[in-house]
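Subject: A structure to look at

Hello,

Here is the structure I promised to pass on. Have a look at it first, and then read on for what turned up.

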Amino acid sequence: MSVQEYLDKYMLSRKLEDAVNAAVRAKTPDPVLFISNHMRKSVQSVITKIKARQILDSRGIPTVEVDLFTNKGLFRASVPSGNSTAMYEALELRDGDKGVYLGNGVARAVRIINDKISEALVGMDPTLQSQIDQAMIDLDKTEKKGELGANAILAVSIAAAKAGAAEKEIPLYKHIADLSGKPTPMLPVPAFTVISGGKHAGNNLAIQEIMILPTGASRFEEALQMGSETYHHLKAVITEKYGAHDCNVGEDGGFAPNVSSFREALDLVQEAISRTGHDEKIKIALDIAATNFCIGTRYDLDFKSPQKSGQNFKSAEDMIELYKELCSDYPVVSIHDPFDKEDWERIKHFSGLGICQVVGGDLLMSNTKRIERAITESACNALLLKANQVGTVTEVIEVVKQAKEAHWGVVTSHRCGETVDSFIADLSVGLAAGQIKAGAPCRGERLEKYNQLLRIEEELGEEAVYAGEDWKQ
């Protein structure tokens with residue numbers, strides 16, 4: 001084939017002429033670089049290759065990482081994992097071989113991506129997120145993504161979203177905002193974990209987390225400063241009262257002093273907040289995760305103390321009175337999962353009291369059917385959004401729309417087993433979620449989310465909007 005035939009076959013003569021004309025109009029000082037970039041943009045981007053691998057999450061447990069290639073480059077994504085997978089959420093695919101990673105390997109999910117998913121998606125336009133996600137859903141053919149695995153599907157879906165943003169030459173959060181139809185991104189109020197308990201720590205505290213919310217900050221940057229300062233003051237408070245040995249941290253970075261009562265833990269946090277001088281600007285949230293210590297219809301607040309377990313049972317009515325007292329005595333403005341995940345009546349009653357935001361995590365599991373039931377029954381007024389419980393970026397966007405149409409708050413959430421992927425930071429901004437729960441202001445996999453939010457706020461400049469007092473919208 002001659003040079004002219006090659007130019008004619010691929011219509012390069014016209015494209016080169018357009019590029020040269022554009023360079024002349026732009027009066028570019030570097031025409032070669034300009035023409036090169038112009039030509040690159042003129043080629044529609046498609047997915048050319050997908051390569052998956054097994055990596056370890058923050059707990060040292062395997063998870064899935066994906067490299068998705070287009071004409072524009074490589075786009076990487078990795079997915080988190082929780083302590084367990086509940087019956088109403090999308091299913092992770094694990095190998096189950098107890099001789100390898102204690103059965104937690106994800107080699108099968110990796111093979112599925114490299115063989116089945118890759119074959120289905122190569123050649124697709126990365127900007128068409130819904131079509132990419134639907135192709136994987138159709139390939140899976142199960143309601144809870146049990147054939148391909150939600151961990152495999154989500155990793156590819158996130159990588160495709162990053163590639164789509166690059167193709168449009170816009171930040172990921174703006175691409176997500178476009179996909180959701182929301183034109184105005186918003187920086188969320190961070191819910192920093194400062195004390196860990198429950199299944200996330202080895203202390204005697206029954207509840208899973210105590211968090212602080214800098215709702216009175218004017219910018220996310222200020223909120224992060226408040227969170228960091230409170231965290232370090234709390235370390236000093238714990239050291240003074242219990243000694244340095246009680247400053248160990250839980251899986252998401254919160255301190256794990258060996259306290260057993262809610263009030264003892266909250267007093268520590270209140271003292272730390274007081275030392276920052278930001279008393280009026282910082283509120284408190286509790287993740288009760290009550291399902292973990294519900295036995296029948298009662299709640300065992302000493303379930304982590306074998307010598308005491310069974311001696312401190314509380315009825316649901318007792319728990320309601322306890323929550324009312326805590327919201328009155330401390331600046332508690334949000335409570336996650338205050339009752340067992342199937343105790344709809346108690347949750348509905350408590351939510352109806354209107355004393356704080358009631359967040360459905362274990363109750364909802366980001367499941368559209370359970371969200372619809374909760375909306376109908378007024379069982380809670382906020383969604384804890386965990387992307388890996390849903391399975392694709394498109395479905396995550398739809399779940400958030402469902403919650404917002406009911407005028408709920410949305411808390412974009414990390415998982416216990418995290419990676420350094422900062423996707424949920426962009427997700428929370430792009431969907432204007434209002435709140436983000438990404439762990440303590442410590443540990444690299446948690447800070448990556450908060451640091452990405454700093455970058456986004458800096459990039460938005462004067463257009464940056466921090467949720468602040470409007471955190472529940």
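Let me begin with a single residue: Asp57 counts as buried, since its relative accessibility is 6%. Before going further, please keep in mind that this is a predicted model. Asp57 has a charged partner in Arg59, and the two form a salt bridge whose closest N and O atoms are 2.9 Å apart. Arg59 itself is partly exposed, because its relative accessibility is 22% and the buried class ends at 20%.

That pair belongs to a longer list, as a search of the whole structure finds 29 salt bridges. Another of them joins Arg443 and Glu445, with 2.8 Å from N to O. Here, too, the two partners fall into separate classes: Arg443 is partly exposed at a relative accessible area of 27%, whereas Glu445 is buried at 10%. Elsewhere, salt bridges with shared partners link Arg53, Glu65, Asp67 and Arg76 into one network.

A third pair to look up is Glu317 with Arg346, a salt bridge in which the closest N and O atoms are 3.0 Å apart. Glu317 sits in helix H10 and Arg346 in helix H11 (residues 344-352), so this pair ties together parts that lie 29 residues apart in sequence. Both ends have some access to the outside: Glu317 is partly exposed with a relative accessible area of 42%, and Arg346 is partly exposed with 28%.

While you are in that region, find Asp343 in the loop between strand E10 (332-336) and H11. Is Asp343 buried or exposed? Asp343 counts as buried, as its relative accessibility is 16%, and the limit for that class is 20%. Setting aside neighbours within four places in sequence, Asp343 touches Tyr299 and Ala316.

Now to the helix packing. How do helices H9 and H10 lie against each other? Helix H9 covers residues 262-276 and helix H10 residues 316-329, and they pack at an angle of about 15° with their axes 12 Å apart. The two are therefore roughly parallel, as angles under 35 degrees count that way. Their crossing is right-handed. On the H9 side, the contact is made by Phe262, Arg263 and Leu266, and on the H10 side by Leu322, Tyr323, Glu325, Leu326 and Asp329. Sorted by class, this contact has five nonpolar and three charged residues, with no polar ones.

H9 has a second partner in helix H8 (residues 220-242), and these two pack at an angle of about 125° with their axes 8 Å apart. H8 and H9 are therefore oblique to each other. This crossing is right-handed. H8 brings residues including Glu229, His233, Leu234, Val237 and Tyr242 to the contact, where they meet residues of H9, among them Leu268, Val269, Ala272, Ile273 and Thr276. By class, the contact of H8 with H9 has nine nonpolar, three polar and six charged residues.

Just past H9, you will come to Lys281, in the loop between H9 and strand E6 (283-287). Lys281 is partly exposed, with a relative accessible area of 35%. Which residues does Lys281 contact, leaving aside its neighbours within four places in sequence? They are Leu213, Pro214, Thr215, Gly216, Glu222 and Met226. For a sense of distance, Lys281 and Cys247 are 34 residues apart along the chain, and their C-alpha atoms are separated by 25 Å.

One more helix for your tour is H7, which spans residues 172-180 and has Leu172, Tyr173, His175, Ile176, Ala177 and Ser180 as its buried residues. What covers them includes four other helices: H6 (150-168), H14 (393-405), H15 (423-430) and H16 (444-460). A look along H7 shows a spacing you may recognise, with Leu172 and Ile176 among the buried residues, as are Tyr173 and Ala177. As a general point, an α-helix has 3.6 residues a turn, so residues three or four places apart point the same way. After H7 comes Gly181, with a positive phi near 80°.

Happy exploring, and do write back with any questions.

Best wishes

Note on methods:
Residues numbered from 1 in each chain as written. Predicted model: local features only at pLDDT ≥ 70, side-chain atom pairs only at ≥ 80, totals over all residues. Heavy atoms only, no water. Axes fitted to C-alpha atoms, helices over the stretch in contact; angles between N-to-C directions. Parallel < 35°, antiparallel > 145°, perpendicular 65-115°, else oblique. Left-handed = near helix turned anticlockwise from the far one by under 90°. Contact = heavy atoms within 4.5 Å. Nonpolar A, V, L, I, M, F, W, Y, C, P; charged D, E, K, R; others polar. Salt bridge = Lys/Arg side-chain N within 4 Å of Asp/Glu carboxyl O. Buried < 20%, exposed > 50% of the residue type's maximum accessible area, 1.4 Å probe, protein only.
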